[in-house]
Amino acid sequence: MNGQQSSTRSLKPALTLMLLAPIVAEVLSGATRLSYIFVLIPEILVWGGGALIIRELVRRWGGGWVSMFLLGLALSVAEETIIQQTSLAPLPWLANHLMYGRVWGVNWVYFLFMLGYESVWVVLAPVQLTELIFPRRRDEPWLRRGQLIAVCVLFLLGSYIAWFAWTQRARPITFHVAKYNPPALDVILGVLAIAALTGLAYAFRAATPRQDPSRKTSPWLAGLAALPLGFAWYALITLVFVPRMFLPMWIPMAGGIAWAALAFFLVRRWGSSAGWGDRHRWALVFSVILVCMAAGFSGSSAWPRMDIIAKFIFNLIAIVLLLLLGRKIIDREGKNFNLP
């Protein structure tokens, strides 16, 4: 009995991450609403399984968040070009309207947004949140080799279910648009990009910034600064659904890449500050999740009333739980936040 209890206890962080990844990225954001909450099952396998696999690989490599970010990009490329292919196929929500940012068979503005969204909100934020919940297990793998293989199998199964449900059922039946078979070259390039990003993640496994004792960052500053960084990213997806055809595509593409580089630089700089700890990590995670919850209401005017109420309740519960976690972290560290 003790062995079973120990095994269950050791799997708690892994199971928590598998649930948190789709809950944060899909449910709290409103991308997956109550009226079709059943799709959460394959999302747990794909997003939850993918985030867990990424976290396990990075911990086995001895890497940090840079490696995790690069693998998050690889997971996003897999989703956008192989699994659901949403960055290759014309978006069904736009029906027959001209799509902004689609060139050479790729939805470039949508793709750029998803690269950032799926690497941060699917991987980095849920992993960080889970490690804040289980701080003593932060630096160690959570799965044995056989368990990791089982999660990989579940990930592949979930990917097939997601591919079939979206490309073969939802597009032609729900949205009444033709099935789309992407060119083989696009899929091959996606596979090569995944391989390249995985190689970079391994190569940069030791890319941990050195602590600078002369620089300090307040948790409040990190948390508040993350809000405009996150909300500005949503301007990309706004352009897709509320297009500004007079705006050349290269402007949001260049601006988005520059903005992502700025966010990367700031987070890396903050992480090298003296005293960077769980209060800072919590502030970043809280702000990042708050961004997706608030921005997710932007398209809710066309939702059923039930979905709007459910999202509001889910978001409220999440905020309360995050605040309780923050209080627990303060008590754990035995100190209060310092104002900047």
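A salt bridge joins the side chains of Asp331 and Arg327, with an N to O distance of 3.6 Å. Because the two residues stand four positions apart in helix 10, Asp331 and Arg327 are separated by about one helical turn. An α-helix has 3.6 residues a turn, so residues three or four places apart point the same way. The structure described here is a predicted model.

Helix 10 comprises 29 residues, 305–333, and its end C-alpha atoms lie 42 Å apart. This separation agrees with the 42 Å expected for a helix of that length at 1.5 Å a residue. The buried residues of helix 10 include the apolar residues Ala310, Ala318, Leu322, Leu325, Ile329 and Ile330. Asp307, Lys311, Asn315 and Gly326 of helix 10 are likewise buried.

In total, 10 salt bridges are counted in the model. Side chains of opposite charge can pair when their charged atoms come close. Arg55, Glu56, Arg59, Arg60 and Glu131 are linked in a network of such bridges. Within this network, Arg55 pairs with Glu56 at an N to O distance of 3.4 Å, and both residues are buried. Arg55 also forms a salt bridge with Glu131, at 3.0 Å from N to O. Since Glu131 belongs to helix 4 (residues 108–133) and Arg55 to helix 2 (residues 40–61), this pair ties together parts that are 76 residues apart in sequence. Glu131, like Arg55, is buried.

Two residues were noted for their backbone conformation. Most residues other than glycine have a negative phi. Gln85, although not a glycine, has a positive phi of about 60°. Gln85 is situated in the loop between helix 3 (65–83) and strand 1 (102–103). With a relative accessibility of 9%, Gln85 counts as buried, because the threshold for burial is 20%. Trp104 likewise has a positive phi, near 55°, and lies in the loop between strand 1 and strand 2 (106–107). The relative accessible area of Trp104 is 76%, and this residue is therefore classed as exposed, the cut-off being 50%.

Regarding confidence, the mean pLDDT of the protein is 90, and 93% of its residues reach 70 or more. Over residues 336–340, however, the pLDDT is below 50, and this stretch has 15 contacts in the model beyond near neighbours in sequence. Where pLDDT is low, the predicted coordinates should not be read in detail.

Key
Residues are numbered from 1 along each chain as its sequence is written. This is a predicted model: local features need pLDDT of at least 70, side-chain atom pairs count only at pLDDT 80 or more; totals for chains, interfaces and linings use all residues. Side-chain values use heavy atoms; hydrogens and water are left out. Buried means under 20% relative accessible area, exposed over 50%, partly exposed in between (1.4 Å probe, protein chains only). pLDDT is the predictor's confidence in each residue, from 0 to 100. Contact means heavy atoms within 4.5 Å. The expected span of a helix is 1.5 Å times one less than its number of residues. A salt bridge is a side-chain nitrogen of Lys or Arg within 4 Å of a carboxyl oxygen of Asp or Glu.
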